[in-house]
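User: Hi! I'm new to protein structures and would like to learn how to read one. Could you walk me through some features, step by step?

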Amino acid sequence: MTFRRDLYGPDHEAFRDTVRAFLAKEVAPHHQRWERNGVVDREVWYSAGRQGLLGPAVDQEYGGGGSDDFRYSAVLIEEFARAGASGLALSLHNDIVGPYLTRLATEEQKRRWLPGFVSGDIVTAIAMTEPGAGSDLQGIRTTATDRGDHYLLNGSKTFISNGILADLVVVVARTTPEGGSAGQSLLVVERGADGFERGRNLAKIGQQAQDTAELFFNDVRVPKENLLGEENRAFTYLMGNLAQERLAIAVGAAAATEEILDITTRYVKEREAFGRPLAKLQHVRFEIAEMATEAAVTRTFLDRCVTEHVAGRLDPVHASMAKWWATELQKRVVDRCLQLHGGYGYMSEYRVARAFLDGRIQTIYGGTTEIMKEIIGRSLLG
């Protein structure tokens, strides 16, 4: 239960209808099978491309939507969260990898990659996290040595979403021996490159339909034409794009919170204990009241953050606030809703059980809650 939202206009709501129809036809009937397989069907990416769900911010000359209005992405994120469709990582493709290609790629690179990015022929991933470097990007050890007309890439990455399906991986690598944030570059590694190997499709406690892999780079020759942006400026680019990534995660968290709260509200009205509906118990009413209030307050803040982002004013601090608050709320609300379901909440056939497992990663990826608090604290205390 929230105030009437003024964030979206008629075009956004028409796009929402398209997303919902796509989810109902192309995703919902297959998601359990994808969870068993640990990966979605490749065909669903082509379907997403045909429906105009890929590359909304890509210029129309490359086949994209031609709009940098993040609200279209927010609509897509919200509807995927409400549907519990954790397998098909369109937001990663559109909102995390996409900006690197649209903002940093040369004209030649755009013509080479963006049409496939929009059609679904090219699935993308970004490889930052390493076995010894998670939220601390300064600890990256993967190296790219200049060999004249190419770089020689060596190292490994882990927890890479879309790692199995990806045709194009934006790799963060160290191009100078200096430590810290200096000397990191973005290199694009394409499927089939010699020395590029995929490891396990990692077994996770949740989001089991989302392929998450280890990637290995053993003397991979990356042509200089695949350098994205300027050499040694990756850290700057990464910091510039993290606000949108964190906002996207927060938007999904808020929508998932609202959906599971709606499901639980209906459940406690129908489920009886001691001869009457659970909803008649004061404790249950207080639980629902508290969660609904927190969700409404969070929604108001998130909508303001989206508005600020569309206007180009969202700063990293408020994005960090949005990310840690919304994801921690999601974790807390889903846990309480599972408790209200009693034993049924522990059964995987119930949506609340799957939401409990799928949502646990939210406070970890994109920067942990602790990192978000550190960013906020430094801004206030120096």
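Analyst: Happy to! Let's begin with one residue and its neighbours. Q207 touches S86, D358, I361 and Y365, leaving aside residues up to four places away in sequence. Keep in mind that this is a predicted model.

User: Where is the place of Q207?

Analyst: Q207 sits in the loop between β6 (196-201) and β7 (212-223).

User: Does a loop residue have to be out in the open? How do I read that here: is Q207 buried or exposed?

Analyst: The trick is to look at relative accessibility, where buried means under 20%. Q207 has 14% relative accessibility, so it counts as buried. The backbone of Q207 is worth a look too: its phi is positive, about 45°, although Q207 is not a glycine.

User: Which residue has a positive phi of about 50° although it is not a glycine?

Analyst: That is D219. D219 lies in strand β7. With 45% relative accessibility, D219 counts as partly exposed, because that class runs from the buried limit of 20% up to 50%.

User: And what about glycines with a positive phi? Where should I look?

Analyst: Try the places just after helices. G84 comes just after α4 and takes a positive phi of about 65°. G52, just after α3, takes a positive phi of about 80°.

User: Let's go to α4, then. How many residues does helix α4 have, and how far does it reach?

Analyst: To read a helix's reach, go from its first C-alpha to its last. Helix α4 covers residues 70-83, which is 14 residues, and reaches 20 Å, close to the 20 Å expected at 1.5 Å a residue.

User: Is α4 mostly covered or mostly open?

Analyst: Mostly covered: 12 of the 14 residues in α4 are buried. Among them are F70, Y72, V75, I77 and F80.

User: What do the buried residues of α4 pack against?

Analyst: Their partners are α1 (10-27), α5 (90-104), α7 (234-270), α8 (282-310) and α10 (351-358).

User: Let's take α5 from that group. How do I read the way two helices cross?

Analyst: Start with the axes and the angle between them. The axes of α4 and α5 come within 10 Å and cross at roughly 155°. An angle over 145 degrees counts as roughly antiparallel, and that makes α4 roughly antiparallel to α5. The handedness comes next: α4 passes α5 in a left-handed crossing. In this contact, F70, S73, L76, I77 and F80 of α4 meet L90, S91, N94 and D95 of α5. Sorted by class, the contact of α4 with α5 has 5 nonpolar, 3 polar and 1 charged residues.

User: Why can residues that are three or four places apart point the same way?

Analyst: An α-helix has 3.6 residues a turn, so residues three or four places apart point the same way. With that idea in mind, look again at the α4 side of the contact, which includes F70, S73 and L76.

User: Can we practise on another pair of helices? How do α7 and α8 cross?

Analyst: Good idea! The axes of α7 and α8 come within 10 Å, with a crossing of roughly 155°. Those two helices, α7 and α8, are therefore roughly antiparallel to each other. Their crossing is left-handed. On the α7 side, the contact includes L247, A250, V251 and A254, while the α8 side includes I288, M291, A295 and L302. By class, the contact of α7 with α8 has 15 nonpolar, 5 polar and 2 charged residues.

User: And at what angle do the axes of α8 and helix α9 cross?

Analyst: At roughly 160°, and the axes of α8 and α9 (residues 316-340) come within 10 Å. That is why α8 and α9 are roughly antiparallel to each other. The crossing of α8 past α9 is left-handed. The residues of the contact of α8 with α9 divide into 15 nonpolar, 2 polar and 5 charged.

User: One last exercise: where is S47 found, and what does it touch?

Analyst: S47 is in helix α3 (residues 43-50). It touches F22 and E26, not counting residues up to four places away in sequence. At 5% relative accessibility, S47 counts as buried. The other buried residues of α3 include V44, W45, A48 and G49. What covers the buried residues of α3 includes α1, α2 (31-37), α5 and α6 (107-119).

Terms used. Residues numbered from 1 in each chain as written. Predicted model: local features only at pLDDT ≥ 70, side-chain atom pairs only at ≥ 80, totals over all residues. Heavy atoms only, no water. Helix = DSSP H or I, 4+ residues; strand = E, 2+ residues; numbered from the N terminus. Expected span 1.5 Å × (residues − 1). Buried < 20%, exposed > 50% of the residue type's maximum accessible area, 1.4 Å probe, protein only. Contact = heavy atoms within 4.5 Å. Axes fitted to C-alpha atoms, helices over the stretch in contact; angles between N-to-C directions. Parallel < 35°, antiparallel > 145°, perpendicular 65-115°, else oblique. Left-handed = near helix turned anticlockwise from the far one by under 90°. Nonpolar A, V, L, I, M, F, W, Y, C, P; charged D, E, K, R; others polar.
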